[in-house]
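Visitor: I would like to go through this model term by term and hear the reason behind each label. Please show it first.

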Amino acid sequence: MQLSSAFVSVTSVHGKLENFTFHRVAAKDAYIMLDRPTGFRLLEIISSTEPSCLVNSPTMPAVSAAACCAAATPASEVVEDLFGFLRVLSDGTILRSPAEPVFCPTTFPTSHPSVQWKEAVYDKAKNLRVRMYKPAVAAAAAGGGSGDASRNKLPVLVHFHGGGFCLGSCTWGNVHAFCLRLAADAGAVVLSAGYRLAPEHRLPAALDDGASFMRWLRDQSANAAEADAWLTEAADFRRVFVTGDSAGGTIAHHLAVRAGSAAAAEPGETTAAADPVTVLGYVLMMPFFGGVRRTSSEAECPAEAFPNLDVVDRFWRLSLPAGATRDHPAANPFGPDSPDLAAAELRPVLVVAGGLDLLRDRTVDYAEQLAAMGKPVELAEFAGKVHGFYLHEPGSEATGELIQAVARFVDGCVAATEAAAAA
């Protein structure tokens with residue numbers, strides 16, 4: 001890729017655009033934004049004229065904002081900055097880096113000897129992608145051509161990544177490595193779905209995208225003519241579980257509540273029997289919940305922790321509807337305007353907490369409140385573990401223990417469902 005000479009240099013200090021240079025990429029009719037001291041590529045801007053911050057992201061549609069060069073003046077201060085990967089300027093311009101973060105090292109595995117994977121677009125209008133993983137044993141059984149094909153199919157784990165609703169992708173190396181191991185060790189088809197990110201798309205956009213993905217999954221199950229055979233030959237759509245990490249766990253919670261509230265509102269309906277997809281349970285891994293009142297684990301969180309309270313608050317400022325507090329229903333499952341969970345017919349829920357996670361108290365309280373309501377909930381707490389440890393160390397023994405806890409939960413839900421059907 002050849003660059004022309006520098007197009008424009010933008011300089012300011014202390015919280016403003018600093019030491020960035022735009023270069024023309026003639027072959028692509030684009031500009032890239034480089035950090036002048038290091039040459040690190042921060043941003044790609046697709047434009048035939050001056051950079052206009054039209055950002056191309058692998059999991060999101062292009063986003064248009066105010067012109068960069070016009071905004072790159074001393075008045076255009078950086079008002080929000082998430083590790084350099086997401087910057088919001090005072091005029092509303094949003095800058096995103098296409099690079100993966102340092103916690104997605106190239107040493108993470110990109111393949112697994114017993115897992116096949118592929119990527120697809122499940123919502124063309126929004127350019128939302130899903131990475132699909134299946135154990136090789138499922139593929140071999142499907143190609144065998146003998147016996148009852150349904151007996152060879154595997155449970156499905158729909159998975160939503162984390163990132164405070166502002167960062168992350170199903171294509172990031174840490175998410176990919178975790179999903180490879182999840183599919184292999186749990187013996188399941190894993191569908192890692194992307195969703196729109198804030199602040200370009202504030203909540204409830206991500207929650208709605210989660211519901212949209214479930215509709216796509218139902219179409220895959222019900223419409224054989226247009227379904228992806230690579231997926232349908234391995235996936236048992238009667239054994240589906242919705243899992244999520246951090247913000248993805250929050251999406252899983254909201255999908256559970258939406259489904260449970262609909263079931264409670266129509267107790268006499270037989271919609272479950274007619275539904276081509278049966279969700280048997282939900283797995284919330286260190287869900288990203290919030291609230292105006294601080295918990296002890298939040299108040300006592302050291303500044304050097306990741307994430308710390310400042311980062312969490314920043315995520316909520318950028319992702320919640322403008323003017324909303326952390327008691328908004330999207331953030332706080334027990335907020336003053338949140339749905340009544342006691343009235344919802346919730347499927348079994350596995351809640352995962354980390355002993356060193358600043359969200360630990362909020363996560364444990366969520367499980368305890370569900371249990372007090374008589375809901376089918378299990379709590380698995382990993383002492384001495386930080387938020388999202390399974391993404392930082394996807395090959396560790398602790399991550400293996402987490403996946404085994406998920407597998408036991410899946411097996412237990414399936415056995416209970418089969419026993420109830422036989423009764």
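Visitor: Why does Phe-334 count as partly exposed?

Guide: This is a predicted model, and the accessibility is computed from it. Phe-334 has 27% relative accessibility. Buried means under 20% and exposed means over 50%, so Phe-334 falls in between and counts as partly exposed.

Visitor: Why does Tyr-366 count as buried?

Guide: Tyr-366 has 2% relative accessibility. The cut-off is under 20%, so Tyr-366 counts as buried.

Visitor: What makes Phe-334 and Tyr-366 an aromatic pair, and why is the pair called tilted?

Guide: The structure holds 16 aromatic pairs, one of them formed by Phe-334 and Tyr-366. Their rings are 6.0 Å apart, centre to centre, and the limit is within 6.5 Å, so they pair. The planes stand at 45 degrees to each other. Under 30 degrees would be stacked and over 60 edge-to-face, so this pair is tilted.

Visitor: Which parts of the chain does that pair link?

Guide: Distant ones: Phe-334 is in the loop between helix 9 (309–319) and strand 16 (349–354), whereas Tyr-366 is in helix 10 (residues 360–372). The two residues are 32 residues apart.

Visitor: Which residues do ring pairs link into a cluster?

Guide: Tyr-122, Phe-160, Phe-213 and Trp-216. Phe-213 also appears among the residues with the most contacts inside the largest nonpolar core, together with Leu-157, Phe-165, Leu-191, Met-214 and Leu-217. That core has 106 residues, and helix 12 (residues 397–422) gives the most to it, with nine residues.

Visitor: What does Phe-213 touch?

Guide: Leaving aside residues up to four places away in sequence, Phe-213 touches Tyr-122, Val-130, Val-158, Leu-191 and Ala-193.

Visitor: What makes Lys-134 a charge over the ring of Trp-230?

Guide: The charged end of Lys-134 is 4.2 Å from the centre of that ring. The distance limit is within 6 Å, so the distance condition is met. An angle to the ring normal within 35 degrees is also required, and the contact is counted as sitting over the ring.

Visitor: Why is one side of strand 10 and of strand 17 left without a neighbour in the sheet?

Guide: The open sheet of eight strands has the order 10-11-13-12-14-15-16-17, with mixed pairing. Strand 10 (115–123) and strand 17 (377–382) stand at its edges, and each has a single partner strand, so one side of each has no neighbour in the sheet.

Visitor: How do you know that strand 15 pairs with strand 14 and with strand 16?

Guide: At least two bridges are needed. Six bridges join strand 14 (residues 235–245) to strand 15, and these strands run parallel; Asp-245 stands opposite Met-285 in strand 15. Four bridges join strand 15 to strand 16, also running parallel, and Tyr-282 stands opposite Val-349 in strand 16. Both counts reach the minimum, so both pairings stand.

Visitor: What makes strand 15 mostly covered?

Guide: Seven of the seven residues in strand 15 (residues 279–285) are buried. Helix 6 (residues 247–265) lies across strand 12 (154–160), strand 14 and strand 15, at about 130 degrees to strand 14. Helix 12 lies across strand 12, strand 14, strand 15, strand 16 and strand 17, running at about 155 degrees to strand 15.

Visitor: Which strands are at the edges of the three-stranded sheet?

Guide: The order of that open sheet is 7-8-9, with antiparallel pairing. Strand 7 (78–82) and strand 9 (94–96) are the edge strands, each pairing on one side only. Three bridges join strand 8 (residues 86–89) to strand 9, where the bridge partner of Val-88 is Ile-94. Helix 9 lies across strand 7 and strand 8, at about 115 degrees to strand 7.

Visitor: Why does Leu-318 count as buried?

Guide: Leu-318 lies in helix 9 and has 4% relative accessibility. That is under 20%, so Leu-318 counts as buried. Its contacts, not counting residues up to four places away in sequence, include Leu-82, Leu-86, Val-88 and Cys-166.

Notes:
Residues are numbered from 1 along each chain as its sequence is written. This is a predicted model: local features need pLDDT of at least 70, side-chain atom pairs count only at pLDDT 80 or more; totals for chains, interfaces and linings use all residues. Side-chain values use heavy atoms; hydrogens and water are left out. Buried means under 20% relative accessible area, exposed over 50%, partly exposed in between (1.4 Å probe, protein chains only). A nonpolar core is a set of buried Ala, Val, Leu, Ile, Met, Phe, Trp, Tyr and Cys residues joined through side-chain atoms within 4.5 Å. Contact means heavy atoms within 4.5 Å. Axes are lines fitted to C-alpha atoms, for helices over the stretch in contact, and angles run from 0 to 180 degrees between N-to-C directions.
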